[in-house]
Amino acid sequence: MAGNIFHNWDFEKVKTGTMDQQKLTDIYTFLEETERTNEDTEYDPSQEPLVNAIIELVNKNGNTSIAEDFGQPFVHPMITIQKWVTELKDIVRDEMDGNLH
């Protein structure tokens with residue numbers, strides 16, 4: 001993925017559930033890229049904050065099946081993201097819609 005998309009992210013806001021539209025858009029863009037490339041997705045360590053934000057969003061929204069997969073030892077979080085990418089996009093879309101109200 002080209003460039004750093006984490007424009008001055010405040011990850012404390014991610015943890016407290018006050019993610020803004022730009023951050024949600026960044027996550028959604030990342031998920032679309034992951035969906036498009038799927039198994040060919042190459043993990044870049046600079047994406048770790050974004051992966052962590054996805055995990056926090058899943059935990060915040062109580063998506064237990066996905067959260068359990070993220071908690072599996074010895075399974076890289078990108079494997080879980082690839083497995084659940086469609087559902088993760090739905091979660092982010094719902095969060096974006098909720099932030100518009």
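## Salt bridges and a helix crossing

A salt bridge joins the side chains of Glu33 and Arg36, with an N to O distance of 2.7 Å. Both residues belong to helix H2, where Glu33 and Arg36 stand 3 residues apart, about one turn of the helix. Glu33 is partly exposed, at 28% relative accessible area, whereas Arg36 is exposed, at 61% relative accessibility. These values, like the others in this report, were computed from a predicted model.

The pair is one part of a wider set, since the structure holds 7 salt bridges. Three of these pairs are set out below, with the N to O distance and the relative accessibility of each partner.

| Pair | N to O distance | Accessibility of the partners |
|---|---|---|
| Glu33 and Arg36 | 2.7 Å | Glu33 28%, Arg36 61% |
| Lys23 and Asp20 | 3.0 Å | Lys23 8%, Asp20 33% |
| Lys89 and Glu32 | 4.0 Å | Lys89 9%, Glu32 38% |

Is Lys23, which pairs with Asp20, buried or exposed? Lys23 is buried, because its relative accessible area of 8% falls under the 20% cut-off, while its partner Asp20, at 33%, counts as partly exposed.

The side chains of Lys89 and Glu32 also meet in a salt bridge, at 4.0 Å from N to O. Lys89 lies in helix H6, which covers residues 85–99, and Glu32 lies in helix H2, so this pair ties together parts of the chain that are 57 residues apart in sequence. Lys89 counts as buried, at 9% relative accessibility, whereas Glu32, at 38%, counts as partly exposed. Lys89 and Glu32 also belong, together with Glu35, to a network of linked salt bridges.

Helix H2 has a further partner to consider. Two packed helices are described by the angle between their axes and by the distance between those axes. Helix H2, residues 21–37, and helix H3, residues 48–61, have axes that come within 10 Å of each other and cross at roughly 105°. Because angles of 65 to 115 degrees count as roughly perpendicular, H2 is described as roughly perpendicular to H3.

Which residues make this contact? On the side of H2 they are Leu24, Asp26, Ile27, Phe30 and Leu31, and on the side of H3 they are Leu50, Val51, Ala53, Ile54 and Leu57. Sorted by class, the contact of H2 with H3 has 9 nonpolar residues, 1 charged residue and no polar ones.

How values were computed: Residues numbered from 1 in each chain as written. Predicted model: local features only at pLDDT ≥ 70, side-chain atom pairs only at ≥ 80, totals over all residues. Heavy atoms only, no water. Axes fitted to C-alpha atoms, helices over the stretch in contact; angles between N-to-C directions. Helix = DSSP H or I, 4+ residues; strand = E, 2+ residues; numbered from the N terminus. Parallel < 35°, antiparallel > 145°, perpendicular 65-115°, else oblique. Contact = heavy atoms within 4.5 Å. Nonpolar A, V, L, I, M, F, W, Y, C, P; charged D, E, K, R; others polar. Buried < 20%, exposed > 50% of the residue type's maximum accessible area, 1.4 Å probe, protein only.
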